[in-house]
Amino acid sequence: QVQLVESGGGLVQAGGSRRLSCAASGRIFSLNTMGWYRQAPGKQRELVATIISDGDTNYADSVKGRFTISRDNAKNTVYLQMNSLKPEDTAVYYCNALLTPTWPRVSKYYWGQGTQVTVSS
């Protein structure tokens, strides 16, 4: 059973920082793209950032220069360092990973349960 477990959410003041973590666990054969998405109340889920296994990254324009995604392949963990937070960053943040379990050896996307980040003004 593969699962993604996020941590690090909470309440932070505008201008502050927060670091999210997401660890993939279970019988994993390979782990490819990992990323973060977010969903604010009344809005659709949107991409925040992704990182592939060789470290190449992609960011939403709204977070470029403020957020940094990184990963530790040895720990099957992805991080999101969020700096200069704004009230509009308030959302539930979801971890996402394209991975292949040991069995069945079929690649598919997995989602974490989400972690709330609230930025107060």
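The following paragraphs lead through this predicted model, from its overall fold to its strand pairing, its disulfide and its aromatic cluster.

The secondary structure of the protein chain consists of 11 strands and 0 helices. Read from the N terminus, the order of elements is therefore β-β-β-β-β-β-β-β-β-β-β. The radius of gyration is 14 Å, close to the 14 Å that the globule rule gives for 121 residues, so the chain is as compact as a globular protein of that length. Along the principal axes, the C-alpha atoms fill a box of roughly 45 × 25 × 20 Å. Of the 121 residues, 42% are buried. Among contacts with a separation of 6 or more, 55% are between residues 24 or more positions apart.

The strand pairing can be followed from strand S4. Strand S4 covers residues 28-39, and 9 bridges join S4 to S9 in the antiparallel sense. Strand S9 itself spans residues 91-101. Within this pairing, serine 30 of the chain stands opposite threonine 100 in S9. Strand S4 also pairs with strand S5 (residues 46-51), again antiparallel, over 5 bridges. Here methionine 34 stands opposite isoleucine 51 in S5. Strands S4 and S5 form a hairpin with 6 residues between the strands, and in this hairpin glycine 42 takes a positive phi near 75°.

Strand S9 has a further partner in S11: the two are antiparallel and pair over 3 bridges. One point of register is given by valine 92, whose bridge partner in S11 is glutamine 116. Strand S11 (residues 115-120) is in turn joined by 4 bridges to strand S2 (residues 10-13), and these two strands run parallel. In that pairing, glycine 10 stands opposite valine 117 in S11. The two faces of S11 are set apart by their cover: Thr115, Val117 and Val119 make up the covered face, whereas Gln116, Thr118 and Ser120 make up the uncovered one. The two bridge partners just named thus fall on opposite faces, with valine 117 on the covered face and glutamine 116 on the uncovered face.

A covalent link is also present in the model. A disulfide is a covalent bond between the sulfur atoms of two cysteines. The count comes to 1 disulfide, and this bond joins cysteine 22 to cysteine 95, with an S to S distance of 2.1 Å. The torsion about the S-S bond is about -80°, so the disulfide is left-handed. Its two ends come from distant parts of the chain: cysteine 22 belongs to strand S3 (residues 18-25) and cysteine 95 to strand S9, 73 residues apart. Both cysteine 22 and cysteine 95 are buried.

Strand S9 also contributes to an aromatic cluster. The model has 2 aromatic pairs. In one of them, tyrosine 37 and tryptophan 111 are edge-to-face, with 5.1 Å from centre to centre and 65° between the planes. This pair links distant parts of the chain, since tyrosine 37 lies in strand S4 and tryptophan 111 in strand S10 (residues 108-111), 74 residues apart. Tyrosine 37 has a relative accessibility of 22% and so counts as partly exposed. Tryptophan 111, with a relative accessible area of 39%, is partly exposed as well.

The other pair is formed by tyrosine 94 and tryptophan 111. Their ring centres are 6.5 Å apart and their planes stand at 85°, so this pair is edge-to-face. It too links distant parts of the chain, with tyrosine 94 in strand S9 and tryptophan 111 in strand S10, 17 residues apart. Tyrosine 94 has a relative accessibility of 15% and therefore counts as buried, the limit being under 20%. Through these ring pairs, Tyr37, Tyr94 and Trp111 are linked into a cluster.

Arginine 45 adds a charge to this arrangement. The charged end of arginine 45 sits over the ring of tyrosine 94, at 3.7 Å from the ring centre. The same charged end of arginine 45 also sits over the ring of tryptophan 111, at 4.6 Å from that centre.

Key: Residues are numbered from 1 along each chain as its sequence is written. This is a predicted model: local features need pLDDT of at least 70, side-chain atom pairs count only at pLDDT 80 or more; totals for chains, interfaces and linings use all residues. Side-chain values use heavy atoms; hydrogens and water are left out. Rings of Phe, Tyr and Trp (its six-membered ring) pair if their centres lie within 6.5 Å; planes under 30 degrees apart count as stacked, over 60 as edge-to-face and the rest as tilted. Buried means under 20% relative accessible area, exposed over 50%, partly exposed in between (1.4 Å probe, protein chains only). A charge sits over a ring if NZ of Lys or CZ of Arg is within 6 Å of the ring centre and within 35 degrees of the ring normal. A disulfide is a pair of cysteine sulfur atoms within 2.5 Å. Two strands pair if DSSP finds at least two bridges between them. The radius of gyration is taken over C-alpha atoms; the globule rule is 2.2 Å times the number of residues to the power 0.38. Contact means heavy atoms within 4.5 Å.
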